[in-house]
Amino acid sequence: MGEIRRLLPPHEVRSDPQSAERMRERGFDQALATIWAMNPETVIEWVTASGIKGRGGAAFPTGIKWTSVRQAPGEIKYVVMNADESELGTFKDRVLLEQDPLGALTGLLIAAYAVGARKAFCYIRGEYREVEQALANALETLRQGDWLRGVDVEIRRGAGAYIAGEETALFNSIEGKRPEPRVKPPFPTVKGLWSSPTLIQNVETLANVAVLFAHDVSWFTQYGTPKTPGTKLVALSGHIRRAGVYEVPFGVPLADIVSDPDLGGQVAGSGRLGAVLLGGAAGTFLTPEEVMNHHLDYESLQALGASIGSGAMMFFDDTVDLGWVVARLARFFAEESCGQCVPCRIGTRRLLEIVEAKQWESRVHDVRALAQAMRDASICGLGQTAPLALLSFIERPQLRPHA
Amino acid sequence: MDTEGVQEVAGLLKDLPAERGQLLPALWRVVEHYHALTPALIGAVSEVLGVAYAEVYGVASFYTLFDNIEGTTPVHICTDVMCALQGAEELKAWAEQAAAGLPITVKESACLGQCDHAPAAWIGQKILRRATPQVVQEAVKAVHHG
Ligand SMILES: Cc1cc2nc3c(=O)[nH]c(=O)nc-3n(C[C@H](O)[C@H](O)[C@H](O)COP(=O)(O)O)c2cc1C
Ligand code: SF4
Ligand code: FES
């Protein structure tokens with residue numbers, strides 16, 4: 001089926017991505033006019049009916065989150081765009097903000113209107129300085145075009161901490177505290193920034209909201225699967241001819257993403273696929289056969305114990321030593337663990353030792369026990385999911401060279 | 001830090017509300033101006049924002065982008081998985097060669113979110129995509145002169 005461009009601007013859209021003309025060319029001005037004419041409950045009904053799920057990794061139904069924040073008691077509410085994007089192999093939010101920053105910002109304004117927030121934050125990683133500037137320019141366009149309608153939008157720059165992308169750590173970062181995750185519950189929808197109800201969404205989720213209201217629910221659900229309508233950005237990197245970000249409908253065969261001339265355009269390097277790491281550093285290694293036989297949807301991938309995660313697809317040809325990759329991932333988690341909880345602080349260290357000693361076969365029981373303890377007893381997603389890529393590697397002996 | 005130094009930091013932060021929530025933006029301003037966060041500067045921020053020294057220190061020390069060696073400018077070479085596949089280690093060696101004898105620190109970075117243009121580097125506020133040894137060496141020298 002090839003590439004679809006809805007979140008990414010279609011190729012014929014030529015206006016300056018940061019301009020008022022772009023607002024009109026993309027229909028985002030109409031989207032705002034549409035929601036301002038609705039009551040907030042109706043806005044949320046649309047989001048719920050569209051079936052949009054969070055694109056930051058957890059795929060939580062967006063409409064449910066909006067309802068919770070709207071209904072949560074509290075005078076002051078906040079909305080946050082999460083543009084921290086620091087997961088290995090993940091660069092879709094960067095490309096989206098480069099090509100269409102007004103989309104995600106429009107989604108943020110719609111979110112603010114729907115949940116009743118007057119204050120919004122865009123939290124962007126500190127290494128994305130050029131993107132931050134694009135976002136600032138786009139925000140200025142919104143201000144001058146009188147599209148903000150009293151919502152105060154502030155851009156906050158991260159400073160190099162992977163964990164700050166976790167939603168509650170991000171709140172602490174904005175509040176001027178150490179970006180360490182908080183224990184949940186209470187959930188952000190009830191107690192987020194400064195203990196007020198807070199809606200936090202990924203950049204791509206907000207871009208989905210903007211295109212939804214630039215059209216309507218039936219337009220939105222034309223693509224995708226009944227359970228997961230819409231399109232997904234996938235970020236292809238490594239041994240693939242056309243590395244980059246592409247927009248595809250949910251349910252597309254992974255094989256198409258690899259070989260369609262408008263998408264991946266075939267495996268590069270040796271030309272023979274060794275494995276795909278799907279979803280990021282805490283993702284799942286898939287064998288070439290699994291890639292050929294599965295689709296980009298949650299149900300199909302669940303059978304493999306995999307998830308779409310952020311949409312990262314990292315390609316490795318058959319010459320790459322995946323043991324080295326697994327060791328690099330283990331080191332990353334050991335370094336990025338904030339150290340608050342023991343299972344994660346100690347567990348990420350132990351896993352690193354095991355992996356560096358290449359003892360994944362002899363100590364497979366230790367790995368499984370550690371993974372279980374980390375999943376059950378870590379405060380946040382980092383500790384809970386850090387062992388996943390290693391486990392998927394262990395479970396697939398065909399990914400290891402048998403010397 | 002002497003009163004004058006604190007005054008200078010206060011001037012730098014004068015349009016920020018003096019509150020805890022402005023700590024991260026305040027630290028960014030100070031780092032961009034002085035290229036480092038010395039204990040004296042942390043003390044000045046603490047005084048200007050009215051946040052305890054230990055708290056400011058605890059926050060500042062959490063973030064890798066604030067972890068600069070005093071008197072040197074950092075340059076970042078991504079050595080994470082996707083860039084490593086495309087020769088990042090070699091690139092780092094070239095950067096170190098160019099930086100030799102200059103007040104520049106070459107730092108290894110985790111994924112910079114540019115894997116579609118690997119190998120990537122981040123030098124002097126600019127992202128370098130598909131970085132070659134030559135481009136990196138030139139950028140390192142430009143940081144020194146700039
Ligand atoms: C360690 C860690 C890092 C995360 N980093 C990001 C990130 O950079 N961007 C993001 O959108 N979500 C990130 N998340 C997920 C957020 O906590 C949160 O679920 C997300 O922002 C919600 O938005 P969504 O529902 O639109 O996906 C991270 C989670 C964890 C555990
Ligand atoms: S799981 Fe790890 S990263 Fe998350 S809060 Fe605990 S120690 Fe910190
Ligand atoms: S691994 Fe280097 S930019 Fe992603």
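How many residues surround ligand 2, and which are the closest? Select ligand 2 to start the tour; the model on screen is predicted. The shell holds 13 residues, and the closest are A:Cys338, A:Gln340, A:Cys341, A:Cys344 and A:Cys380.

**Stop 1: the rest of the shell around ligand 2**

Keep ligand 2 selected and colour its surroundings by residue class. Eight residues of this shell are nonpolar and five are polar, while none is charged. Cysteine is counted as nonpolar in this scheme. Now switch on a cavity display for the protein. Ligand 2 sits in the second largest cavity.

**Stop 2: the shell around ligand 1**

Move the selection to ligand 1, which 19 residues surround. Show as sticks the closest of them, namely A:Gly56, A:Glu85, A:Gln201, A:Asn202 and A:Thr205. Colour this shell by class as well: four residues are nonpolar, nine are polar and six are charged.

**Stop 3: polar side chains at ligand 1**

Which distances separate the oxygen atoms of ligand 1 from the side chains of A:Gln201, A:Asn202 and A:Thr205? Pick the side chain of A:Gln201 to begin. One of its N or O atoms is 2.9 Å from an oxygen atom of ligand 1. Next pick A:Asn202, where a polar side-chain atom lies 2.7 Å from an oxygen atom of the ligand. At A:Thr205, the distance from a polar side-chain atom to an oxygen atom of ligand 1 is 2.7 Å. With the surface of ligand 1 turned on, consider how much of the ligand is covered: on its own, ligand 1 exposes 610 Å², and the protein buries 87% of that area.

**Stop 4: secondary structure around ligand 1**

Switch chain A to a cartoon and select residues 198-202, which form strand 4. This strand gives the most to the shell around ligand 1, contributing three residues. Then select residues 381-385, helix 17 of chain A. Strand 4 and helix 17 each supply at least two residues of the shell.

**Stop 5: chain B**

Hide chain A and centre on chain B. Its C-alpha atoms fill a box of roughly 45 × 30 × 25 Å along the principal axes. Colour chain B by secondary structure to see seven helices and four strands. Traced from the N terminus, the order of these elements is α-α-α-α-β-α-α-β-β-β-α.

Where do the domains of chain B lie? The domain assignment places domain 1 at residues 3-66 and domain 2 at residues 73-145. Give each domain of chain B its own colour and mark the two C-alpha centres, which lie 28 Å apart.

How values were computed:
Residues are numbered from 1 along each chain as its sequence is written. Chains are lettered from A and ligands numbered from 1 in the order in which they are written. This is a predicted model: local features need pLDDT of at least 70, side-chain atom pairs count only at pLDDT 80 or more; totals for chains, interfaces and linings use all residues. Side-chain values use heavy atoms; hydrogens and water are left out. A residue is near a molecule or strand if one of its heavy atoms lies within 4 Å of it. A polar contact is a pair of N or O atoms within 3.5 Å; within protein, one must be able to donate a hydrogen and the other to accept it, and residues adjacent in sequence count only if both atoms are side-chain atoms. Accessible areas come from the Shrake-Rupley method with a 1.4 Å probe; for residues, only the protein chains shown count as cover. Domain bounds come from an automatic or database domain assignment. On a 1 Å grid over the protein atoms alone, a cavity is a set of points where a 1.4 Å probe fits but cannot get out, and a pocket is an open set with protein on both sides within 12 Å along at least five of seven lines; lining residues have an atom within 4 Å of a point. A molecule sits in a cavity or pocket if more than half of its atoms lie within 2 Å of its grid points.
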